[in-house]
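Good morning. Please have the sequence and the structure open while I talk. I will go through a pair of helices and then some strands.

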Amino acid sequence: MDQATSPRLAARHQPHHDGSARYVGELAPRLGQTVDLLVRIPADEEVERVFLRSVPDGEPHFTPAAIDRQIDRQEDGATWWRVGLEMVNPEMNYRFWLHTPAGGRWLTAAGLHDHDLPDATDFRLTTHPAPPAWAADAVVYQVFPDRYHRSGEAPLAAWARPADWDTPLRTGDAEALQQMYGGDLWGLVRKIDHIQRLGATVIYLTPFFEGRSNHRYDAVSFDRVDPALGGDEALIALTTEAHRRGIKVIGDITLNHSGSDHEWFRAAQADPTGPEAGFYFFGEGGPEDYATFLGVRTLPTFDHRSAELRRRLYEGPDSVVAKYLRAPFHLDGWRVDVAQMAGRRGDVELNHLVATTTAATVRAAAPDAVLLAEHQHDASLALSGDGWQGTMSYAGFTRPVWSWLAEQHDQKDFWAVPGPIPDYGGAQLRATMTAFGAALPWRSRAHNLTLLDSHDTARFRSFAGPERQLLGAALLFTLPGIPMVFSGDEVGVVGEGLEEGRKPFPWDESAWDQHTYRSYRELIRLRRTHSALRGGGLRWLLAERDVLLFEREDDRERILVQISRADHPPVAGEWHATHLLGGPQLVPGRDLPAEGPAVHVWSVTK
């Protein structure tokens, strides 16, 4: 069979469109603006006519496309069709209808289909305010403050159970959350060089508010930075030093609950007629009868029907959300904890209000700040409208990567799903990522945090092993999204549970996996050097049990990525390409490397 029609690379020879700038003329259009859209039709694909199908004001409308003869056709002789999409509504969904001699086919965000399928798979373009320009280029470094570095200048709270930096972690009992290693923001300032050398451009801090646990999601006040972290002065020093180095800093806030020792909750319990009593859900049993986050008594749930709660917490210039974005703190954005639950309880459904109100406050306080949200499953509804600009892509990235690369599958109740970690082949990984990605506007997908693990999970390395961790890292830095590294991943920190994963950072460099550290630096450098890896489109070319092959492309370059978890049948090459990590060059007719585990990244010349 001729290699140009090889079934293993059939996806390379299919029509393609995605929401990236390569195919969409304006990623942040205005209402009423007409946006040019492009569809690539390969040379060996017989397409006679192309129509854009959109749904302005809820009614389907077909617009004929025309061949654009001005686009350079040197790349495989493809034909490009151009059509305008008028932004009649703030959010426009669209797809393409292709006329071929064999019949009509739909091209949607879910791929190419010879049958009708719901609008939920359509491409989406929105006129809502765009995320800040810096966000799409970011590499995020997550810091759990108690475990990064200890300056010795910030005394621990009286409730804390002090631990030396090499003390084993407590797990599985109530005292584990009170085990404090004394990491603080002054320590982070002192060790910010490590983050800069790694190549990260954003520090994401888990909560810095005073709490009653080492995770601090049980805030006792939003008015001050925890004195055990160095107080307000230390946060100001951190953002000042980070900004001097060109590094952004984003904070972490929960809009779903406070701690049971929070001053608002104590006031609510003390006076059922006071304004704070409306901040929480109380039952008929008195001040001890209250709703909580997942049954945790120390985490009472906010009732967002209270206008005063919204004003104090996230609505307007006097809110907590606004305060830390302005001087003197100058945070560069927020990540919102358990955002999918905020404003939801029983028949109370105010989640969209929470998201859009918070977004409006962020824009007014700091127009160049980003607003991201935690979300553990399908975030398509959460990312619809003028609210969160991205979420943590656990479902669309983390879970399929673990399912493809884990060598140890016996983690109990993987992501709260009964049973062990699934055993995916490459086709299942691609199908999962495509399904979740298709449900989102491309702009949201490009601003989702992609991650291998976090402070809320076990360490990926503990289940994948060192070699496969680097395969996961390669996916992290070459696929769409904002890559996030949990502090310690880059030097080989392990941990088979949530608490175990929060080990103190090992500052003795002799304990580091230097190969892992060098590989992370190289992959981050690669991403920051090549624009196609940050803002390019995505074409899956091959997804078999042990190998993935895909392209990232923008107007300046095309990058080819092959990631193999084991040896596999070789793929016949169709490219002239230069290896970017010191491996073999490609020429048409020469097989791509077939050994694994391995990572290959090429710059395609033609």
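This is a predicted model. I start with two helices, α11, which covers residues 460-478, and α12, which covers residues 514-529. In general, two packed helices are described by the angle between their axes and the distance between the axes. For α11 and α12 the angle is about 15°, and the axes lie 8 Å apart. Angles under 35 degrees count as roughly parallel, and therefore α11 and α12 are roughly parallel to each other. The crossing of α11 past α12 is left-handed.

Which residues make the contact? From α11 they are R461, Q469, L470, A473, A474, L476, F477 and T478. From α12 they are H515, T516, S519, Y520, L523, I524 and R527. Sorted by class, the contact of α11 with α12 has 8 nonpolar residues, 5 polar and 2 charged.

Now the strands. Please find the open sheet of 3 strands, in the order β1-β5-β4. The pairing there is antiparallel. Which strands stand at the edges? They are β1, residues 34-41, and β4, residues 66-67. Each of these has a single partner strand, so one side of each is left without a neighbour in the sheet. Between β1 and β5, which is residues 79-86, there are 8 bridges, and the two strands run antiparallel. To find one bridge on the screen, take L37, whose partner in β5 is V83.

The last item is strand β26, residues 558-564. Is this strand mostly covered or mostly uncovered? It is mostly covered, with 7 of its 7 residues buried. Both faces of β26 are covered. On one side the buried residues are R558, L560, Q562 and S564, and on the other they are I559, V561 and I563.

β26 pairs with β25, which is residues 547-553, through 7 bridges in the antiparallel sense. In that pairing, E551 stands opposite L560 of β26. The connection from β25 to β26 is a hairpin of 4 residues. β26 also pairs with β28, residues 598-604, again in the antiparallel sense, over 6 bridges. Here V561 stands opposite V601 in β28.

To go back over the main points: α11 and α12 pack at about 15°, β1 and β4 stand at the edges of their sheet, and β26 is covered on both faces. That is the end of my part.

Conventions
Residues are numbered from 1 along each chain as its sequence is written. This is a predicted model: local features need pLDDT of at least 70, side-chain atom pairs count only at pLDDT 80 or more; totals for chains, interfaces and linings use all residues. Side-chain values use heavy atoms; hydrogens and water are left out. Axes are lines fitted to C-alpha atoms, for helices over the stretch in contact, and angles run from 0 to 180 degrees between N-to-C directions. Angles under 35 degrees count as roughly parallel, over 145 as roughly antiparallel, 65 to 115 as roughly perpendicular and the rest as oblique. A crossing is left-handed if the near helix is turned anticlockwise from the far one by less than a right angle, and right-handed if clockwise. Contact means heavy atoms within 4.5 Å. Ala, Val, Leu, Ile, Met, Phe, Trp, Tyr, Cys and Pro count as nonpolar, Asp, Glu, Lys and Arg as charged, and the others, Gly among them, as polar. Two strands pair if DSSP finds at least two bridges between them. Buried means under 20% relative accessible area, exposed over 50%, partly exposed in between (1.4 Å probe, protein chains only).
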